Amino acid sequence: GSEEGTRSLILRVEPQHNEVGLRMWEAGYFLTEYILAHPEIVRGQRVVELGAGLGLTGMAAFACCGADSVVLTDNAQFVLENMEDIVKLNVLPTTQVVVKSLDWSIGGPEARSAVGEAGVILAADV
């Protein structure tokens, strides 16, 4: 951003596509605004975002609020590929901002692996 202390994040939205994970939803905006107003919630934490879609909330937690690391999860392959591209477009370290496949509705070992030792789990519109 142009103001001191601000950070802009790039998103790639595909509203013409039927996949819900390629759109930005109001709940995602509201959750992002909430953590930006209360960065202490995620600061220094390992954050996992369920159903991350475009990854805005998780990326904001890392890039703007001081989260130690973020795991952005979703289920559809093209949503995951779009999120990986968005992380690269924002020049975020892929060792600390990780994109993982997760069908969180199933649970089990896959979910435990993705969530791991999360200090904070974020979810909007799931």
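# Briefing: four helices, four strands

Let's start with helix α1: Glu26, Phe30 and Ala37 are exposed on the other side of this helix from its buried residues. Here, buried means under 20% relative accessible area, exposed means over 50%, and partly exposed is in between (1.4 Å probe, protein chains only). What you're looking at is a predicted model, where local features need pLDDT of at least 70, side-chain atom pairs count only at pLDDT 80 or more, and totals for chains, interfaces and linings use all residues. Residues are numbered from 1 along each chain as its sequence is written, and side-chain values use heavy atoms, with hydrogens and water left out.

**The overall picture**

- The protein has four helices and four strands, where helices (H or I, at least four residues) and strands (E, at least two) are DSSP runs numbered from the N terminus.
- Follow the chain along its sequence and you get the pattern α-β-α-β-α-β-α-β.
- Of the 126 residues in the protein, 39% are buried.
- Take the contacts (heavy atoms within 4.5 Å) between residues at least 6 apart in sequence: 66% of them join residues at least 24 apart.

**How confident is the prediction?**

- Mean pLDDT, the predictor's confidence in each residue on a scale from 0 to 100, is 86 for the protein, and 89% of the residues reach 70 or more.
- Among the elements, α2 has the highest mean pLDDT, at 96, while helix α4 (residues 108-115) has the lowest, at 76.
- Where pLDDT is low, the predicted coordinates shouldn't be read in detail.

**Helix α1**

- The twelve residues of α1 should span 16 Å at 1.5 Å a residue, and the end C-alpha atoms are indeed 16 Å apart; the expected span is 1.5 Å times one less than the number of residues.
- Gly28, Leu31, Thr32 and Ile35 are the buried residues of α1.
- They sit on the same side of α1, because they cover an arc of only 100° around the axis, taking the directions from the helix axis to the C-beta atoms.
- That fits the general picture: an α-helix has 3.6 residues a turn, so residues three or four places apart point the same way.
- α2 and β4 are among what covers the buried residues of α1.

**Helix α2**

- Helix α2 (residues 56-63) is largely enclosed by the rest of the structure, because seven of its eight residues are buried.
- Those buried residues are Leu56, Thr57, Gly58, Met59, Ala60, Ala61 and Phe62.
- Their cover includes α1 (26-37), β1, β2 (69-74), α3 (77-89), β3 (97-101) and β4 (120-123).

**Helix α4**

- Ala111, Ala114 and Val115 are buried in α4.
- They share the same side of α4, because their arc around the axis is only 90°.
- Pro109 and Arg112 are exposed, on the face of α4 turned away from its buried side.
- β1, β2, β3 and β4 are what the buried residues of α4 pack against.
- Right after α4 comes Gly116, with a positive phi near 50°.

**Nonpolar cores**

- A nonpolar core is a set of buried Ala, Val, Leu, Ile, Met, Phe, Trp, Tyr and Cys residues joined through side-chain atoms within 4.5 Å.
- The largest one has 26 residues, and Val42, Val47, Val70, Leu72, Met83 and Val87 have the most contacts inside it.
- At least two residues of this core come from each of α1, α2, β2, α3, β3 and β4.
- α3 gives the largest share of this core, with five residues.
- There's also a second, separate core of seven residues, including Val48, Val71, Leu102 and Ala114.

**Residues to look up**

- Leu50 lies in strand β1 (residues 46-50) and is buried at 15% relative accessible area.
- Beyond four places in sequence, Leu50 touches Thr73, Leu102, Trp104, Ile121, Leu122, Ala123 and Val126.
- Ser69, in strand β2, is buried too, with 14% relative accessibility.
- Leaving out neighbours within four places in sequence, Ser69 contacts Gln45, Arg46, Val47, Phe62 and Gln96.

**Cysteines**

- The structure has zero disulfides, a disulfide being a pair of cysteine sulfur atoms within 2.5 Å.
- Cys64 is in no disulfide, and its nearest cysteine sulfur, that of Cys65, is 5.9 Å away.
- Cys64 is partly exposed at 36% relative accessibility, whereas Cys65 is buried at 3%.
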